[in-house]
Amino acid sequence: MDSHGQYEQQVVWAVVGTDIGPLMLAATRDGLVSVVFHATEGVRDKTLDRLASRLGAEPVEAPGSPLLAEAIRQVEEYFAGARRDFELPLDWSLISGFNRQVLHELASGVPFGTVVGYGDLAGRVGQPGAAQAVGMAMGANPLPVVVPCHRVVESDGGIGGFGGGLETKRKLLALEGVLPEPLF
């Protein structure tokens with residue numbers, strides 16, 4: 001506790017090796033708060049600075065932290081093909097408004113092995129015609145993989161964009177059986 005009797009924010013992080021490269025996971029007492037693709041040293045440093053600024057606490061590398069243990073286990077199970085759904089407490093404090101509403105609908109309403117169009121997702125949250133705004137929400141997703149923005153595709157059958165890169169999106173969709181495994 002701080003001098004005012006308030007619990008100080010605690011942010012812990014770790015890097016997990018996956019089939020799509022290193023993922024950085026960060027958590028607070030409220031739950032998993034951030035998942036970052038391609039967690040090289042430079043990416044980690046930028047992420048840590050952003051998390052410190054947004055959450056008001058210096059993130060601490062703590063791969064053995066109880067705050068991360070379940071998230072690490074479930075991410076590893078997902079990439080091993082042994083988990084279809086994440087059952088984790090999530091800290092939504094890095095996202096708000098329309099973006100949060102869209103991501104909540106995505107997390108609860110688009111199951112493993114399925115996809116949804118940007119426009120369809122917009123309609124589900126009562127904003128038909130807001131497909132472009134849904135795309136922006138996907139790009140702002142602080143919890144990719146766990147909140148599966150890779151499952152959002154273009155209505156014409158195109159794969160759409162992806163913050164982790166299109167090859168990463170293809171690999172995630174292949175893992176879920178939506179696309180065939182890449183040949184090379």
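Threonine 18 is located in the loop that links S1 and S2. In this predicted model, threonine 18 has a relative accessible area of 16% and is therefore buried, the cut-off for burial being under 20%. The side chain of threonine 18 comes to 2.5 Å from the backbone oxygen of glycine 21. When neighbours within four places in sequence are left aside, the contacts of threonine 18 are Leu23, Val75 and Phe79.

The largest nonpolar core contains 43 residues, and those that touch the most other members are Leu25, Leu106, Met138 and Val145. Two or more residues of this core are given by each of the strands S1 (12–16), S2 (23–28) and S3 (31–36), and by each of the helices H2 (66–79), H3 (97–109), H4 (118–124) and H5 (131–139). H2 supplies the largest share, six residues. Leucine 25, one of the residues that touch the most other core members, was examined for its contacts beyond four places in sequence. These contacts include Val12, Trp13, Ala14 and Val16. Leu32, Ser34 and Val35 are also in contact with leucine 25, as are Leu68, Ala71, Ile72 and Val75. Val75 thus appears among the contacts of leucine 25 and also among those of threonine 18. A second core, separate from the largest one, is made up of twelve residues, among them Val11, Trp13, Val36 and Leu94.

Helix H3 is built from 13 residues. The distance from its first C-alpha to its last is 18 Å, close to the 18 Å expected at 1.5 Å a residue. Val102, Leu103 and Leu106 are the buried residues of H3. Viewed down the axis of H3, these buried residues fall within an arc of 95 degrees, so they line one face of the helix. They pack against H4, H5 and strand S6 (152–153). On the face of H3 turned away from the buried side, the exposed residues are Gly97 and Ser108. Leu106 of H3 is buried and is also listed with the residues that touch the most other members of the largest core.

The whole structure contains six salt bridges. One of them joins glutamate 70 to arginine 73, with the closest N and O atoms 2.4 Å apart. Both residues belong to helix H2 and are three residues apart, about one turn of the helix. Glutamate 70 has a relative accessibility of 32% and so counts as partly exposed; arginine 73, at 36%, likewise counts as partly exposed. Arginine 73 also forms a salt bridge with glutamate 77, at an N to O distance of 2.4 Å. This second pair lies in helix H2 as well, with arginine 73 and glutamate 77 four residues apart, about one turn of the helix. Glutamate 77 in turn meets the side chain of arginine 83 in a salt bridge of 2.8 Å, N to O. Arginine 83 counts as buried because its relative accessibility is 13%. Through shared partners, these salt bridges join Glu70, Arg73, Glu77 and Arg83 into one network.

Terms used. Residues numbered from 1 in each chain as written. Predicted model: local features only at pLDDT ≥ 70, side-chain atom pairs only at ≥ 80, totals over all residues. Heavy atoms only, no water. Core = buried A, V, L, I, M, F, W, Y, C linked by side-chain atoms within 4.5 Å. Buried < 20%, exposed > 50% of the residue type's maximum accessible area, 1.4 Å probe, protein only. Contact = heavy atoms within 4.5 Å. Expected span 1.5 Å × (residues − 1). Arc of directions from axis to C-beta. Salt bridge = Lys/Arg side-chain N within 4 Å of Asp/Glu carboxyl O. Polar contact = N/O pair within 3.5 Å; in protein donor to acceptor, adjacent residues only side chain to side chain.
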